[in-house]
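I opened this model to look up a few side chains, the enclosed spaces and the unusual backbone angles. My entries follow in the order in which I went through them.

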Amino acid sequence: MFGKIHEVYSSISGEGISQGIPTVFIRFAGCSLRCGRTETRALWCDTAYALGPNQGEEKSLDSIWKELEKLDPHHGYQVLLTGGEPLEGKNRDLSLAIANKIYNHRISTELPYPASRVETNGSERITEDPFFIFTMDYKLPGSGMEEKMDQENFRILEKRHNSLDEIKFVVRDRIDFERSLEVVREQKIQTNILYSPVHGEVDAKELVEWIKVDNPPKCRLSLQIHKVLWGNQKGV
């Protein structure tokens with residue numbers, strides 16, 4: 001079993017409710033979405049270097065496991081599958097295999113963080129498997145990708161009822177924020193909600209004021225602390 005892997009490295013989790021936790025990142029290559037790109041606006045993806053499938057190397061479950069053990073020999077770090085898109089195409093099968101192996105190993109030995117966190121773009125169907133925790137994007141109008149969202153994912157999140165799952169809204173403007181409120185109401189969302197501003201297009205302080213007024217349930221501002229610490233670099 002193989003998938004396209006762009007990089008594997010250790011750092012801290014940069015955003016969301018797991019922010020600051022020591023983490024091994026497994027970054028898959030390949031994503032079919034191109035968020036933010038219009039005739040007048042630029043692509044905003046902060047991992048554009050991993051969007052193409054050819055921007056990764058074919059790796060097997062065994063080779064990735066060896067890299068995990070090298071980076072985290074005591075198996076004490078959170079594992080985060082990200083991209084690109086870890087649930088797209090054959091990357092999905094490898095993600096399932098990695099997370100299943102980590103879960104079974106850590107549950108049997110009472111190690112921390114048995115479930116791997118998956119950062120997924122909302123267009124791929126998530127699962128009810130206990131070996132996953134999801135940070136799922138919902139792409140708003142400013143991304144140009146809302147029509148790609150799999151609405152059934154909201155029902156699956158509801159069934160999972162996992163207190164660590166998250167839905168992330170990346171906000172480009174006030175129209176995006178208003179649409180996020182509609183989605184929360186329409187889908188009766190009770191999962192943790194993250195709000196992140198598009199860098200250079202929405203001031204985070206302005207987004208805070210919007211959040212304070214409307215205060216969707218279980219919401220929080222999520223800024224990328226890895227960029228605060230190291231800037232916009234790879235592998236940190």
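I began with K59 and noted that it counts as buried, because its relative accessibility is 14% and the cut-off for buried is under 20%. The model is a predicted one, and I keep that in mind for every entry here. I found K59 in strand β3, which covers residues 57-60, and I then looked for a partner for its side chain. That side chain makes a polar contact with the side chain of E67, at 2.8 Å. Leaving aside neighbours within four places in sequence, I listed M1, F2, G3, I5, I64, E67 and L94 as the residues in contact with K59.

Next I turned to the nonpolar core. The largest one has 50 residues, and I26, F169 and Y195 are the members that touch the most others. I followed I26 further and, not counting residues up to four places away in sequence, I recorded that it touches I5, E7, V8, I64, L68, V79, L80, L81, T82 and I98.

I then searched for enclosed space and found 2 cavities of 30 Å³ or more. The largest holds about 50 Å³ of space, and I wrote down its lining as V24, W65, L68, D72, H75, V79, I102 and R106. The elements that give two or more residues to this lining are α1 (61-71) and α2 (90-109). By class, I sorted the lining of the largest cavity into 5 nonpolar, 1 polar and 2 charged residues. For the second largest cavity I noted a volume of about 30 Å³, with W44, D137, Y138, K139, L140, S143 and V170 around it. Its lining divides into 4 nonpolar, 1 polar and 2 charged residues.

H75, which I had already met in the lining of the largest cavity, came up again when I checked the backbone, since it has a positive phi of about 50 degrees although it is not a glycine. I placed H75 in the loop between α1 and β4, and I noted that it is buried, with a relative accessible area of 9%. K188 also has a positive phi, near 50 degrees, and is likewise a residue other than glycine. I located K188 in the loop between α4 (174-187) and β8 (192-197), where it counts as exposed, at 66% relative accessibility.

My last entry concerns a peptide bond: G83 and G84 are joined in cis, with omega at about 15 degrees, and I found G84 in the loop between β4 (78-82) and α2.

Technical notes:
Residues numbered from 1 in each chain as written. Predicted model: local features only at pLDDT ≥ 70, side-chain atom pairs only at ≥ 80, totals over all residues. Heavy atoms only, no water. 1 Å grid on protein atoms, 1.4 Å probe; cavity = no way out; pocket = protein on both sides within 12 Å on 5 of 7 lines; lining within 4 Å. Points joined across faces, edges and corners; volume = space filled by probe spheres on them. Helix = DSSP H or I, 4+ residues; strand = E, 2+ residues; numbered from the N terminus. Nonpolar A, V, L, I, M, F, W, Y, C, P; charged D, E, K, R; others polar. Buried < 20%, exposed > 50% of the residue type's maximum accessible area, 1.4 Å probe, protein only. Polar contact = N/O pair within 3.5 Å; in protein donor to acceptor, adjacent residues only side chain to side chain. Contact = heavy atoms within 4.5 Å. Core = buried A, V, L, I, M, F, W, Y, C linked by side-chain atoms within 4.5 Å.
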